[in-house]
Amino acid sequence: MAKAKKTVFFCQNCGYESAKWMGQCPGCKEWNTFVEETALPKTSGRTPTARKTENKPISLNQIDIQEDARQDSGLAELDRVLGGGIVPGSLVLVGGDPGIGKSTLLLQMCRYLSQRHVKALYISGEESLSQIKLRARRIGDFTDDLLLLCETNLGMIERAIGNHNPQLVIIDSIQTLYNEEVSSPPGSVSQVRESTSVLLQIAKGKGVTIFIVGHVTKEGNVAGPRVLEHMVDTVLYFEGDRHASYRILRAVKNRFGSTNEIGVFEMRESGLEEVKNPSEFLLEGRPEDASGSIVACSMEGTRPILIEIQALVCNTNFGIPRRTAAGTDFNRVNLLMAVLEKRLGMHLSNCDAYVNIAGGIKISEPAIDLGIVLAVISSHQNRAIPDHVIAFGEVGLSGEIRAVNMSEQRVAEAKKLGFRTVILPKVSLKALEGFKGIRLLGVSSLREVMGLGRQHQ
Ligand code: TYD
Ligand code: MG
């Protein structure tokens, strides 16, 4: 009797492998994500033992690296997120929701590089050549150094890369690739994992830079790029509100740079435009003299970003008050409201509260605590905070205002954008003694914050 094909179960969310089906994944705790896939034959030819040549161990001193080998991508915001440019031979994953602009971003990068005679190969498994042409027309003119290929077969892609020897390859997207040796459908965990390991070998073996596009979907029927994250050098996430025009590129893993830099782009008619000063952009359309609104300052990597925090506090009509937080941590907002209730005796337990960071950006830094607290107080008391005021500082459980790092950069950014008063932790004042032309109000507790409001009346 022929031996039955061996199958295993993979969690489509995180790639957890199991011999039997399970309701909940022990790895990521998601429900109903296990799908049966055929197990890869042990001798699929990709295992290290199948290699003929052997790598010799060498000492660190023997390794040659060329300084400034990084390649400028033509988009300063992308370079910043990559840690100062593209590292040749690196494998970069660009993840994000469908329609956010991943293909556009990479095509723009290819355009710049092909103008500098970098041989690029754009492999699309999602769109036809004419669709790519339509998009390219909106972006601008291209040179003949960029070649396009519509292909989803991994073997063919390997061959095309071998034939054309490009320096840069774009794979759009990894979920459409398939390897004939693997029987599961494109987008399944085994296909994605197998395709990436082949691409990894090409990138490292030939020194080709490869950008992989990966879709993230909530349904779980397409393998999330989670499985890939371990294999690639850099993981970038392209995010943003699809209804707003700006997009944020964020590094969540980077072997060649810092992961807390962000790049800001705006989606225009003619492709993505870099946003040099995100603060100005995020503060556009701010209401004047409205209660419950204040500007706070958050650091994104080395760059300060000013954001507007809005709060709406009103009496609840139901037994249980509703609380929501958009753009920031919900539990943090609840905690801050509890601190206000306990330390300042504010009656918030019978109030609904909605806190929102305007513009759809997500901030989790504790430095915006003071901003959230001020917005809530302002809305609760229905008193507007003057619009030349910004605030930053962490709020502790006893109502103390704690220091945050990089206060100088934050104050400098506020000054640059024309703010006249900064409310900040008192302990940070010492570092800012030399600052002229902006009023610094140091506070050490929530009581002092309330005192500021009284002086102002
Ligand atoms: P796309 O790059 O196709 O997204 P992804 O590859 O992440 O799925 O971008 C799609 C969106 O961008 C689409 O809704 C149209 C919009 N867009 C513009 O607004 N301007 C442009 O110049 C281009 C090329 C696209
Ligand atoms: Mg696309």
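This report describes the ligand site, the sheet and one buried glutamate of a predicted model.

## Basis of the description

The model is predicted, so that local features require pLDDT of at least 70 and side-chain atom pairs count only at pLDDT 80 or more, whereas totals for chains, interfaces and linings use all residues. Residues are numbered from 1 along each chain as its sequence is written, chains are lettered from A and ligands numbered from 1 in the order in which they are written, and side-chain values use heavy atoms, with hydrogens and water left out.

## Surroundings of ligand 1

Ligand 1 is surrounded by 15 residues (each with a heavy atom within 4 Å of the ligand). The closest of them are Ser 103, Thr 104, Arg 135, Arg 268 and Gly 271. By class, the shell comprises six charged, six polar and three nonpolar residues; here Asp, Glu, Lys and Arg count as charged, Ala, Val, Leu, Ile, Met, Phe, Trp, Tyr, Cys and Pro as nonpolar, and the others, Gly among them, as polar.

Backbone N or O atoms also approach oxygen atoms of the ligand: the distance is 2.6 Å for Gly 271, 2.8 Å for Lys 102 and 2.8 Å for Glu 269. Taken alone, ligand 1 exposes 560 Å², of which the protein buries 77% (Shrake-Rupley method, 1.4 Å probe). Two or more residues of the shell come from each of the elements α2 (102-115), α3 (129-139) and β11 (262-268). The largest share, three residues, is that of α2. Helices (H or I, at least four residues) and strands (E, at least two) are DSSP runs, numbered from the N terminus.

## The nine-stranded sheet

Nine strands form an open sheet with mixed pairing, in the order β6-β5-β7-β8-β4-β9-β10-β11-β12; two strands pair if DSSP finds at least two bridges between them. At the edges stand β6 (146-150) and β12 (271-274), each of which pairs on one side only. From one strand to the next, the twist averages 25°, with axes fitted to C-alpha atoms and angles running from 0 to 180 degrees between N-to-C directions.

Within this sheet, β7 (residues 168-172) and β8 (residues 209-215) run parallel and are joined by four bridges. Leu 168 stands opposite Thr 209 in β8.

## Glu 127 and Arg 135

Glu 127 lies in the loop between β5 (120-124) and α3. Its relative accessible area is 17%, and Glu 127 therefore counts as buried (under 20%, 1.4 Å probe, protein chains only). The side chain of Glu 127 makes a polar contact with the side chain of Arg 135 at 2.8 Å (a pair of N or O atoms within 3.5 Å, one able to donate a hydrogen and the other to accept it). Arg 135 is also among the residues closest to ligand 1.

Terms used. Buried means under 20% relative accessible area, exposed over 50%, partly exposed in between (1.4 Å probe, protein chains only).
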